[in-house]
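Subject: Structure handover

Hello,

Please find the sequence and structure below. My notes on the strands, helices, loops and surface follow.

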Amino acid sequence: TVLMSTPIPDRKVEVAPFQVTAALCTTTVLIGALVDGKPNYMTIAWCSPATHSPPSFMFACNKTHHTNKGIFANRNFSVNIPCVDQVQLLDYCGVHSGTEVDKAHLGHSFFGITRTAPMLARCPVCFECTLTHQLDLGVHFVIVGKVEKVWANEDIVERGPQGEAIDVTRLNPILFSFCGPSYRSLGPAHGTAWKTAGDYDPARDPAALATISPAPTPGAIP
């Protein structure tokens, strides 16, 4: 087996693998579940779409979270997206466990077709999901759920030729960063996805031409 290698650029420095958590700003959500008959919500920063067909969410959570009990018992959960004006609510749910405080009093919880996945009405967007997959990964569970219904405040919904869509600018979600750590908000748009590339050609890009690496040197792997 041959390993192809080139010198590491001078301006690159090695950082700890844990920095995988610091390199990204992520939309921070409240995951809801019915625990012992009561709505409970936990703050999750590592949440992402998993697939658009069927529409699904995935998130990573520490195995010690109280909300996990309700997710696994009922096989469902909700994903609630607060706006920047609700940052104290979001942080409260992250620093206080449902074993210590009653989060049923955070506001009106409502239920959809899942019947047992509570959604926090004060959040601008709520997704109700059924549990489809769970992965035991180190100190975390990775949980995947199929989106059954989406409920959004009317004032953040944009109606267009392709139907209704959530306007993320009006939603103004909270982003989490390990830099600080801190909560942040969306900045300006810098292009239109799938169109901004235009007639871009790396062969005419001075920055690309200036950073072409020398030919790799073969080296035997011991």
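To start with one pair of residues, asparagine 80 has cysteine 126 in S10 as its bridge partner. Strands here, like helices, are DSSP runs numbered from the N terminus (E for strands, at least two residues; H or I for helices, at least four). S7 and S10 run antiparallel and are joined by six bridges. Two strands count as paired if DSSP finds at least two bridges between them.

Before the rest, the basis of the notes. This is a predicted model, in which local features need pLDDT of at least 70 and side-chain atom pairs count only at pLDDT 80 or more, while totals for chains, interfaces and linings use all residues. Residues are numbered from 1 along each chain as its sequence is written, and side-chain values use heavy atoms, with hydrogens and water left out.

The sheet

Seven strands make an open sheet in the order S4-S3-S7-S10-S11-S6-S5, with antiparallel pairing. Strand S4 (38-44) and strand S5 (47-52) are at the edges, and each has a single partner strand, so one side of each has no neighbour in the sheet. From one strand to the next, the twist averages 35°. Angles run from 0 to 180 degrees between N-to-C directions, and axes are lines fitted to C-alpha atoms, for helices over the stretch in contact.

Strand S10 (residues 125-137) and strand S11 (residues 140-152) run antiparallel, joined by 12 bridges. Leucine 137 has histidine 140 in S11 as its bridge partner, and glutamate 128 stands opposite lysine 149 in S11. The hairpin of S10 and S11 has two residues between the strands, and glycine 138 there takes a positive phi near 60°.

S6 pairs with S11 in the antiparallel sense over seven bridges, and with S5, also antiparallel, over five. Phenylalanine 59 stands opposite isoleucine 143 in S11; cysteine 47 stands opposite phenylalanine 59 in S6. S5 and S6 are joined by a hairpin through two residues.

The helices

Helix H1 (residues 67-74) lies across strand S3 (29-35), S4, strand S6 (55-62), strand S7 (76-81), S10 and S11, and runs at about 65° to S3. Helix H2 (residues 87-95) packs on the sheet and touches S3 and S4, its direction making about 100° with that of S4. Contact means heavy atoms within 4.5 Å.

Loops

Proline 54 lies in the loop between S5 and S6, and the peptide bond to it from serine 53 is cis, with omega near 0°. Another cis peptide bond joins glycine 180 and proline 181, with omega about -10°. Proline 181 is in the loop between strand S14 (175-177) and strand S15 (182-184).

Arginine 75, in the loop between H1 and S7, is not a glycine but has a positive phi near 60°. At 42% relative accessibility, arginine 75 is partly exposed. The classes are buried (under 20% relative accessible area), exposed (over 50%) and partly exposed in between, with a 1.4 Å probe and protein chains only. Asparagine 172 lies in the loop between helix H3 (168-171) and S14. The phi of asparagine 172 is also positive, about 55°, and this residue is partly exposed, with a relative accessible area of 25%.

One last residue: phenylalanine 18, in the loop between strand S1 (2-5) and strand S2 (26-27), is exposed, with a relative accessible area of 53%.

Regards
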